[in-house]
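Colleague: I would like a close look at a single part of this model. Please take it slowly, as for a first-year student.

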Amino acid sequence: MQIGMIGLGRMGGNMARRLMKAGHACVVYARKPETREPLAKEGAIAVASLPGLVSALGSPPRAVWLMLPEGKTTEDTVLALADLLAPGDMIIDGGNSFYKDDIRRAKFLSAKGIHYVDCGTSGGVWGIDRGYSMMIGGPKAAVDYLDPIFSSLAPGKGTITPTPGRDKADPRAEHGYIHAGPNGAGHFVKMVHNGIEYGLMQAYAEGFDILRNKSSDILPKDERFELNLPDIAEVWRRGSVIASWLLDLGASALIKDPQLDGFSGFVQDSGEGRWTVEAAIEESVSATVLTTALFARFRSRQEHTFGEKMLSAMRFGFGGHVEGQETTDAGAKPEASRRPPQVRRTAAE
């Protein structure tokens with residue numbers, strides 16, 4: 001299957017590579033030649049403009065996947081593509097857009113006969129090998145048409161033990177992707193996923209901070225322990241009820257740098273945690289852990305603890321997030337951590 005890929009950052013470029021390995025034809029676009037040329041050497045068709053990308057994709061139905069920062073960059077690109085694509089074509093936003101903007105964009109594009117699909121994508125820098133977990137929103141016909149793309153990007157069943165009782169359930173979930181519902185549902189599910197991620201990471205961070213400070217001189221001498229944090233992380237990975245990929249990443253960071261001196265503990269948030277808390281408020285749902293985890297990140301920018309270094313280490317592990325050089329999962333600098341602007345009726349430059 002042929003697909004256009006716009007945005008070739010940490011995730012977008014690797015997604016194109018994974019698709020090409022699966023036999024799909026990729027037309028790729030990024031503003032900087034040095035970003036797109038390596039993919040051209042690997043078999044993609046690299047183009048220097050959005051019109052060039054649409055032209056290279058041929059006749060409808062054409063599919064264009066965006067892996068761009070949420071906000072103005074995605075908004076302007078959707079508007080520009082709306083003027084270039086034709087009825088029957090599809091735009092897939094695989095970045096971290098706000099779900100209410102997906103609903104609005106889908107209505108705008110539907111009037112032009114263009115299908116819009118929002119795809120919450122998780123996998124970070126490891127996705128090229130592990131695959132990408134995807135939560136998809138949009139019209140069934142478009143999602144079904146794009147299934148070969150989703151199937152190739154997804155992790156597959158792997159060696160995970162099947163959940164009992166799923167015999168008659170949608171098999172796509174076991175392969176690492178779902179059609180979550182109509183437009184907006186995909187990014188909404190991914191938004192809550194990231195909110196939960198905040199809470200899980202905060203729990204690990206606080207736990208390891210408590211372990212590390214068991215040697216504090218404020219404690220009685222006979223109650224002080226010099227604990228081996230790399231060993232604790234490793235043993236918890238094996239058979240423990242709190243084992244997870246996040247713990248795997250934490251264990252990897254600790255064995256390389258037990259004091260995490262390579263991290264300051266300044267922890268950014270890319271927006272989804274805030275939106276999850278907003279959704280909880282709108283729904284009158286208690287979200288004490290997620291909200292506290294978000295506020296802890298705010299506080300980390302004023303003073304830093306070992307726990308916050310642990311948070312930074314885990315974020316770097318799964319997404320390559322570098323302190324002071326914050327980027328979104330889509331692989332480029334975020335333009336805002338709040339809701340992006342409304343649709344403007346002008347095309348992008």
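How do the residues of the lining of the largest pocket divide into nonpolar, polar and charged?

Modeller: This is a predicted model, and what follows should be read that way. The lining of the largest pocket divides into ten nonpolar residues, 14 polar ones and seven charged ones. In total, 31 residues line this pocket. Arg130, Ser133, Pro155, Ile160 and Trp245 are the ones that lie nearest its centre.

How such a space is found needs a word. Rolling a probe the size of a water molecule over the atoms shows where empty space is left. For the largest pocket, that space comes to about 960 Å³.

Next, the helices in the lining. Helix 9 (172-175), helix 10 (185-212) and helix 12 (245-256) each supply at least two of the lining residues. Helix 10 gives the most, with six residues.

To place the pocket in the rest of the chain, some account of the strands is useful. Strand 1 (residues 2-6) runs parallel to strand 2 (residues 25-29), and five bridges join the two. Within this pairing, Ile3 has Cys26 as its bridge partner in strand 2. Strand 1 and strand 2, together with helix 1 (residues 12-21), make a right-handed β-α-β unit. From strand 2 the chain crosses through helix 2 (residues 33-41) to strand 3, and this β-α-β crossover is right-handed. Strand 2 is joined in parallel to strand 3 (residues 45-47) by three bridges, and Val27 stands opposite Ile45 of strand 3. Four of the five residues of strand 2 are buried, so this strand is largely enclosed by the rest of the structure.

Strand 1 also pairs with strand 4, again in parallel, through three bridges; here Ile6 stands opposite Leu66. Strand 4 pairs in turn with strand 5 (residues 90-93), in the parallel sense and over four bridges, and Ala63 stands opposite Met90 in strand 5. Helix 4 (residues 72-84) completes a right-handed β-α-β unit with strand 4 and strand 5.

In a regular strand the side chains alternate between the two faces of the sheet. Strand 4 (residues 63-66) has Ala63 and Trp65 on one side and Val64 and Leu66 on the other. These four residues are all buried, and both faces of strand 4 are covered.

Technical notes:
Residues numbered from 1 in each chain as written. Predicted model: local features only at pLDDT ≥ 70, side-chain atom pairs only at ≥ 80, totals over all residues. Heavy atoms only, no water. Buried < 20%, exposed > 50% of the residue type's maximum accessible area, 1.4 Å probe, protein only. Pairing = 2+ DSSP bridges. Right-handed = clockwise from strand over helix to strand, strands pointing away. 1 Å grid on protein atoms, 1.4 Å probe; cavity = no way out; pocket = protein on both sides within 12 Å on 5 of 7 lines; lining within 4 Å. Points joined across faces, edges and corners; volume = space filled by probe spheres on them. Nonpolar A, V, L, I, M, F, W, Y, C, P; charged D, E, K, R; others polar.
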